[in-house]
Amino acid sequence: ATFKADAWINQEGRFDITKIDIAEDKNHIYKYGKIAISKSKDGGKYKELTYEYGKDDKYGYFENKIIEESDGKTFATFGESNYAKDKNAVYYNGKKIEGANVKTFITIELTHETYAKDENAIYFKGEKIENADISTFKIGGTIERGSYSYAKDKNNVYYGGKILSIADAKTFKDLPEGYAIDKKYVYYSG
C-alpha cells in the first residue's frame with residue numbers, strides 16, 4: 001500500500017508500527033495498509049486485542065468499527081474467542097448479548113470457544129440455549145476440525161448449539177474425529 005508522506009508522521013514526528021499489520025499516526029490507525037479507524041479528538045492510543053477486537057481509551061472495536069456504548073477502559077476479550085466484555089456488557093462478534101451477566105460470564109470450550117455461560121444461561125455463538133441445564137452442561141472431549149464439538153447436560157445432547165432430539169443424553173459418548181454414539185445410534189458431525 002502507498003501512503004501520502006504526511007501519513008507517516010505522528011505527533012512525535014514518526015509513524016508507529018504497533019503490531020504486525022497495524023500502524024498508526026496522530027489521526028488514523030492502519031490495518032493492512034488501509035485506514036481502519038479515524039481517531040476522535042478524545043480517543044486514546046489504539047490497542048489490538050485479537051484479530052477482530054481492539055480498543056482505545058474510549059471504546060471497544062470489532063472489525064475496526066466502534067462498539068457503541070462500550071467502555072474502552074474496561075474492554076477485554078476472552079482469549080482469542082469472539083467473546084468480549086466491558087464493565088457494562090458482554091459481546092459476541094461485537095454485538096451485545098442481552099441478559100448476559102458480566103461478572104459471571106466465562107467461555108467453556110477450549111478450542112472454538114463458541115460455548116459460554118454465566119450464572120443464568122448457556123450460550124452458543126452469543127445466543128442463549130433455551131432450557132440448557134447449567135449445572136450439568138459439559139463440552140465433549142473431542143472437536144472435529146472445522147466444526148463443533150458435542151455437548152450435553154442431564155436432559156439433552158447438543159451439536160452446534162442445537163439439540164439432537166433423537167440422542168440419549170444418559171448413554172451418549174463422544175468419540176474421536178466427529179463421531180459419537182448412544183444406545184441406539186452412531187452420529188457423525190451432529
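Begin by selecting Phe78, Tyr83, Val90, Tyr92, Ile97, Ala100, Val102, Phe105, Ala116, Ala121 and Tyr123: these eleven residues form the largest nonpolar core. A nonpolar core is a set of buried Ala, Val, Leu, Ile, Met, Phe, Trp, Tyr and Cys residues joined through side-chain atoms within 4.5 Å. Buried means under 20% relative accessible area, exposed means over 50%, and partly exposed lies in between (1.4 Å probe, protein chains only). In soluble globular proteins, nonpolar side chains tend to be buried together.

The model on display is predicted, so local features need pLDDT of at least 70 and side-chain atom pairs count only at pLDDT 80 or more, while totals for chains, interfaces and linings use all residues. Residues are numbered from 1 along each chain as its sequence is written, and side-chain values use heavy atoms, with hydrogens and water left out.

**Inside the cores**

Within the largest core, select Ala116. Not counting residues up to four places away in sequence, Ala116 touches Tyr83, Phe105, Ile106, Thr107, Ile108, Ala121, Ile122 and Tyr123. A contact here means heavy atoms within 4.5 Å. A second, separate core has nine residues, including Val157, Leu164, Ala167 and Ala169.

**The whole chain**

Now display the complete protein chain, which has zero helices and 23 strands. Helices (H or I, at least four residues) and strands (E, at least two) are DSSP runs, numbered from the N terminus. Of the 190 residues in the chain, 41% are buried. Among its contacts between residues at least 6 apart in sequence, 27% join residues at least 24 apart. The accessible surface of the chain comes to about 11400 Å², and 49% of that surface belongs to carbon and sulfur atoms. Such areas come from the Shrake-Rupley method with a 1.4 Å probe; for residues, only the protein chains shown count as cover.

**A buried acidic residue**

Select Asp182, in the loop between β22 (179-181) and β23 (186-188). Asp182 is buried yet has no salt bridge. A salt bridge is a side-chain nitrogen of Lys or Arg within 4 Å of a carboxyl oxygen of Asp or Glu. The nearest side chain of opposite charge belongs to Lys184, 8.0 Å away; for this purpose Lys and Arg count as positive and Asp and Glu as negative, whereas His and the chain ends are not counted.

Which partners does the side chain of Asp182 reach? One is the backbone nitrogen of Tyr185, at 2.8 Å. Another is the side chain of Tyr187, with which Asp182 makes a polar contact at 2.7 Å. A polar contact is a pair of N or O atoms within 3.5 Å; within protein, one must be able to donate a hydrogen and the other to accept it, and residues adjacent in sequence count only if both atoms are side-chain atoms. Leaving aside neighbours within four places in sequence, Asp182 is in contact with Ile166, Ala167, Asp168, Thr171, Phe172 and Tyr187. Of these, Ala167 was met earlier as a member of the second core.

**A buried threonine**

Move to Thr50, in the loop between β5 (47-48) and β6 (53-55). Is Thr50 buried or exposed? With a relative accessible area of 2%, Thr50 is buried. Its side chain reaches the backbone nitrogen of Tyr53 at 2.9 Å. Beyond its neighbours within four places in sequence, Thr50 is in contact with Thr77, Gly79 and Glu80.

**Two positive phi angles**

Select Glu69 in the loop between β8 (65-66) and β9 (76-77). The phi of Glu69 is near 65°, a positive value in a residue other than glycine. Glu69 counts as exposed because its relative accessibility is 69%.

Next, find Asn93 in the loop between β11 (90-92) and β12 (95-96). Asn93 also has a positive phi, about 50°, although it is not a glycine. Its relative accessible area of 28% makes Asn93 partly exposed.

**Exposed positions**

Continue to Gly99, in the loop between β12 and β13 (106-107). At 61% relative accessibility, Gly99 counts as exposed. Gly99 nevertheless touches Asp118 and Tyr123, not counting residues up to four places away in sequence. Its C-alpha atom is separated by 8.7 Å from that of Ala89, ten residues apart along the chain.

Lys65 lies in strand β8 and is exposed, with a relative accessible area of 58%. Draw a distance between the C-alpha atoms of Lys65 and Glu52, 13 residues apart along the chain: the separation is 9.8 Å.

Finish at Glu127, in strand β16 (residues 127-128). Glu127 counts as exposed at 57% relative accessibility.
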